[in-house]
Amino acid sequence: MKSPGFFLVVIALTAAGCSPLVLRPANFAWPIEDVLKSDLHGMVHEERYSLSFSIKPLMYAETKDSVHVSNRIIRLIRGEQGYYFITGPKFKNVYVFSQGNGGLVLVNRILVSKTGLSSPAFNQRAPYIELLNGGQKPVLLTRDGIVKEVKK
């Protein structure tokens, strides 16, 4: 008769062989934001990171208009954990997306202005994303929302 310890060792070795390979730590942050202009079809293209996507659903979520999508400006940055933060002029929200199967999947919508942003800009402030808007106080963001306002 075999001991229970033998079976535990076999189970542990089997489980270890089935676990996925994970490379940690990893930092997905982009050093600076990208300012992207949509084409006639509502597509934006970021050549440096080989990223392109349609902003039509985003524009509809923000403005309830998915028809007038050409020549729209969005601001995009990627945080350390791999989440994409997107906003634009006149947006009331910052949208947080994760990479999904063939697209970007909304993780969170963060209300940052009741009247709309006048001149938004993103910065990396590890581990946060800093949102600037003209002369207003900067705001620190995570995928979960606003962390705190930055003191000037």
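Which residues is Asn133 in contact with, leaving aside its neighbours within four places in sequence? I opened my notebook with that one. The model I am reading is a predicted one.

**Entry 1: Asn133**

I looked up the contacts of Asn133 and found Leu117, Ser118, Ser119 and Pro120, with neighbours within four places in sequence left aside. Next I checked where Asn133 sits. It lies in strand β9, which covers residues 128-133. Is Asn133 buried or exposed? Its relative accessibility is 5%, so Asn133 counts as buried; the cut-off for buried is under 20%. I then followed the side chain of Asn133. It reaches the backbone nitrogen of Ser118 at 3.0 Å. Ser118 is also one of the contacts I listed above.

**Entry 2: the whole protein**

I stepped back to see the fold. How many helices and strands are there? I noted two helices and eleven strands. Along the sequence, the order reads α-β-β-β-α-β-β-β-β-β-β-β-β. The protein has 152 residues, and 34% of them are buried. I looked at the surface too. About 9,900 Å² is exposed, and carbon and sulfur atoms supply 57% of that. Then I turned to contacts with a separation of 6 or more. Residues 24 or more positions apart account for 43% of these.

**Entry 3: strand β4**

I picked β4, residues 73-78, for a closer look. Five of its six residues are buried, so I wrote "mostly covered". Which way do β1 and β4 run? They run antiparallel, joined by four bridges. One bridge I looked up starts at Asp34, and its partner in β4 is Leu76.

I then looked at β5. Four bridges join β4 to β5, and this pair also runs antiparallel. Ile77 stands opposite Phe85 in β5. How many residues lie between β4 and β5 in their hairpin? I noted five. Gly82 is in the turn, and its phi is positive, about 95°.

**Entry 4: aromatic rings**

I searched for ring pairs. The structure holds three aromatic pairs. I began with Trp30 and Tyr84. Their ring centres are 5.8 Å apart and their planes meet at 75°, so the pair is edge-to-face; planes over 60 degrees apart count that way. Where in the chain are the two rings? Trp30 is in the loop between α1 (4-18) and β1 (34-37), while Tyr84 is in strand β5 (residues 84-87). They are 54 residues apart, so I logged a pair that links distant parts of the chain. Both Trp30 and Tyr84 are buried.

Another pair is Phe91 and Tyr95. It is edge-to-face as well, with 6.3 Å from centre to centre and 90° between the planes. Both Phe91 and Tyr95 are buried. I also found a cluster: ring pairs link Trp30, Tyr49 and Tyr84.

One more ring went into this entry. Lys64 lies over the face of Tyr60, at 5.6 Å from the ring centre.

**Entry 5: Val107**

I moved to strand β7, residues 103-111, where Val107 has its place. Is Val107 buried, partly exposed or exposed? Its relative accessibility is 33%, so it counts as partly exposed. Not counting residues up to four places away in sequence, Val107 touches Tyr83, Val96, Phe97, Ser98 and Arg143. I checked Phe97 in more detail. Val107 and Phe97 are ten residues apart in sequence, and their C-alpha atoms are 5.2 Å apart in space.

**Entry 6: backbone angles**

I ended with the backbone. Most residues other than glycine have a negative phi, and most peptide bonds are trans. I looked for exceptions.

Which peptide bond has omega of about -5°? It joins Arg24 and Pro25, and it is cis. Pro25 is in the loop between α1 and β1. The bond from Ala126 to Pro127 is cis too, with omega near 5°. Pro127 is in the loop between β8 (120-125) and β9.

Then I checked phi. Ser50 is not a glycine, yet its phi is positive, about 50°. Ser50 sits in the loop between β2 (43-46) and β3 (51-54). Its relative accessible area is 70%, so Ser50 is exposed. Asn71 also has a positive phi, near 60°. Asn71 is in the loop between α2 (56-63) and β4.

Technical notes. Residues numbered from 1 in each chain as written. Predicted model: local features only at pLDDT ≥ 70, side-chain atom pairs only at ≥ 80, totals over all residues. Heavy atoms only, no water. Phe/Tyr/Trp six-rings, centres within 6.5 Å; stacked < 30°, edge-to-face > 60°. Buried < 20%, exposed > 50% of the residue type's maximum accessible area, 1.4 Å probe, protein only. Lys NZ or Arg CZ within 6 Å of the ring centre and 35° of its normal. Polar contact = N/O pair within 3.5 Å; in protein donor to acceptor, adjacent residues only side chain to side chain. Contact = heavy atoms within 4.5 Å. Areas by Shrake-Rupley, 256 points an atom, 1.4 Å probe, with all protein chains shown as cover. Pairing = 2+ DSSP bridges.
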